[in-house]
Amino acid sequence: MKNMKIAIIGLGYVGLPLGVEFAKKYPVVGFDINQSRVSELQAGKDHTLEVDSKLLQNTLVNDIDDLKFRNGFLVSYDISDLQECNFYIITVPTPVDTFNRPILTPLIKASETVGGVIKKGDYIIYESTVYPGATEEDCLPVLEKISGLKLNKDFYLGYSPERINPGDKKHTVTKIKKVTSGSTKKAGEIIDSVYKSIISAGTHLAPSIKVAEAAKVIENSQRDINIAFVNELAKIFSIMNIDTQSVLDAAGTKWNFLHFKPGLVGGHCIGVDPYYLAQKAQELGYNPEIILSGRRINDSMGPFIADEVIKALINSGKPVKNSKVLVLGITFKENCPDIRNTGVIGVIHRLNDFGLNITVYDPWANPDEVNNEYGIKIINKPSKFKFDAIILAVAHNEFKELDIESLKKDKSSVVYDVKGFLENYTHKL
């Protein structure tokens with residue numbers, strides 16, 4: 001495409017890194033309806049820590065006129081700034097509700113926004129995780145209705161699933177192979193070439209949009225199922241008084257053994273994506289037994305860990321009710337500020353059910369976000385308190401330097417290591 005001008009709709013964990021990389025070669029408008037997020041980025045700061053502040057600051061341009069003369073990244077919540085773009089990439093979240101049903105509202109709203117500004121010859125690419133068929137069955141009608149344009153006659157459609165791994169500084173956006181697709185063969189080739197211009201790991205052009213959608217949704221479903229298997233093993237070996245990690249170490253000496261560890265499964269991908277595929281399968285009359293079974297096992301790990309801690313308290317001679325418990329970590333993974341769909345909440349809720357006093361410490365999490373999302377106030381430092389039980393829930397590097405012994409109320413205090421991260425403690429998953 002000539003005179004390429006890219007729009008990124010949604011500036012979260014996926015959209016921001018993508019926009020910054022594209023801005024090195026193209027004029028890019030990053031759009032988000034969250035004005036506080038836009039203001040933060042305009043100041044050159046990213047609370048998700050996915051993009052280095054200096055890199056972001058060096059990429060930013062001041063206004064839409066700047067993009068007429070040079071490449072760069074304009075961050076905006078003004079829809080009019082999108083009008084000159086011709087390559088639209090939608091990266092909004094696709095969560096599930098309390099009943100684990102897909103919520104497409106952000107995707108539909110983004111489609112309405114883009115439908116209001118696109119023109120003939122434009123390309124619209126979706127990166128948000130969806131079930132196979134959602135791009136063409138749910139999003140396309142919105143685009144056509146709002147714009148008055150027709151697919152493959154006036155504009156072209158594509159799907160290129162995001163593969164961002166929050167907090168991972170090794171597998172960044174340009175270093176992860178990109179799956180692409182288009183509504184026609186030619187559209188697919190053009191879309192693929194645009195992504196290929198920034199993705200050093202290369203691209204894979206899928207034969208259809210539905211294939212690309214399906215590929216994405218099974219990536220995380222497969223990982224979810226594998227983790228569910230070792231989580232079930234952890235439950236079984238707990239009953240048998242066998243150390244799970246020792247079993248995995250022994251089994252892992254075989255060349256084709258898959259190395260997965262038990263633990264809490266959260267985040268916006270693994271804990272959510274399987275439900276998108278399951279929902280679509282059920283709509284078509286098929287009940288996906290393995291996928292949903294894996295989800296049930298992984299969702300049960302929070303209460304299971306809490307129960308193990310309660311058993312350890314009882315065995316140590318401590319009363320359960322009103323015992324003081326320190327939970328180390330509330331983000332969904334280590335060394336990352338992302339609290340979305342964190343599995344630690346399942347542990348906390350179960351402990352609250354038994355009347356324990358819970359204190360949460362996490363140097364990576366934003367206290368306001370945690371309070372707004374979960375109604376939990378996290379502390380700045382745990383050193384002022386003594387606890388009957390300490391649960392290492394997330395393996396942040398900072399916890400390696402923490403003096404665990406100084407936080408114990410007495411010698412009988414329980415230390416439960418969910419991640420196998422600490423040394424010399426027998427209570428672990």
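**Reading a predicted model: a helix, a patch and two sheets**

Colleague: In which helix does I236 lie?

Modeller: I236 belongs to helix α7, which spans residues 209-239. Please bear in mind throughout that this model is predicted.

Colleague: Is I236 buried, exposed or partly exposed?

Modeller: The classes rest on relative accessible area: buried is under 20%, exposed is over 50%, and partly exposed is in between. I236 has a relative accessibility of 39%, so this residue counts as partly exposed.

Colleague: Which residues form the nonpolar patch with I236 on the surface?

Modeller: I236 is joined there by I239, M240 and I242, and together these residues have about 390 Å² of accessible area.

Colleague: How should one read the spacing of residues along a helix?

Modeller: Residues three or four places apart in an α-helix point the same way, because a turn takes 3.6 residues.

Colleague: How many residues of helix α9 are buried?

Modeller: Helix α9 covers residues 273-283, and 8 of its 11 residues are buried, so the helix is largely enclosed by the rest of the structure. The buried residues are D273, P274, Y275, Y276, L277, A278, K280 and A281. Their cover includes α5 (134-147), α7 and α10 (289-299). After α9 comes G285, with a positive phi near 95 degrees.

Colleague: In what order do the strands of the open sheet stand?

Modeller: To read a sheet, one follows the pairing from strand to strand. Here 5 strands are arranged as β10-β9-β11-β12-β13, with parallel pairing. At the edges stand β10 (357-361) and β13 (427-428), each of which pairs on one side only.

Colleague: How many bridges link β12 and β13?

Modeller: Strand β12 (residues 414-417) pairs with β13 in the parallel sense over 2 bridges. D417 has K428 in β13 as its bridge partner.

Colleague: Which strands does helix α11 touch?

Modeller: Helix α11 (residues 301-315) packs on the sheet and touches β11 (389-392), β12 and β13. Its direction makes about 155 degrees with that of β12. Helix α12 (residues 344-353) lies across β9 (324-328), β10 and β11, and runs at about 160 degrees to β10.

Colleague: What can be said of the two faces of strand β5?

Modeller: Side chains on each face of a strand can be examined separately. In β5 (residues 123-126) both faces are covered: Y123 and I125 are buried on one side, and I124 and Y126 are buried on the other. Strand β4 (residues 87-90) runs parallel to β5 and is joined to it by 4 bridges. Opposite I125 of β5 stands I89.

Notes:
Residues numbered from 1 in each chain as written. Predicted model: local features only at pLDDT ≥ 70, side-chain atom pairs only at ≥ 80, totals over all residues. Heavy atoms only, no water. Patch = residues over 30% accessible without salt bridge, like charges linked within 9 Å, V, L, I, M, F, W, Y side chains within 5 Å. Areas by Shrake-Rupley, 256 points an atom, 1.4 Å probe, with all protein chains shown as cover. Salt bridge = Lys/Arg side-chain N within 4 Å of Asp/Glu carboxyl O. Buried < 20%, exposed > 50% of the residue type's maximum accessible area, 1.4 Å probe, protein only. Pairing = 2+ DSSP bridges. Contact = heavy atoms within 4.5 Å. Axes fitted to C-alpha atoms, helices over the stretch in contact; angles between N-to-C directions.
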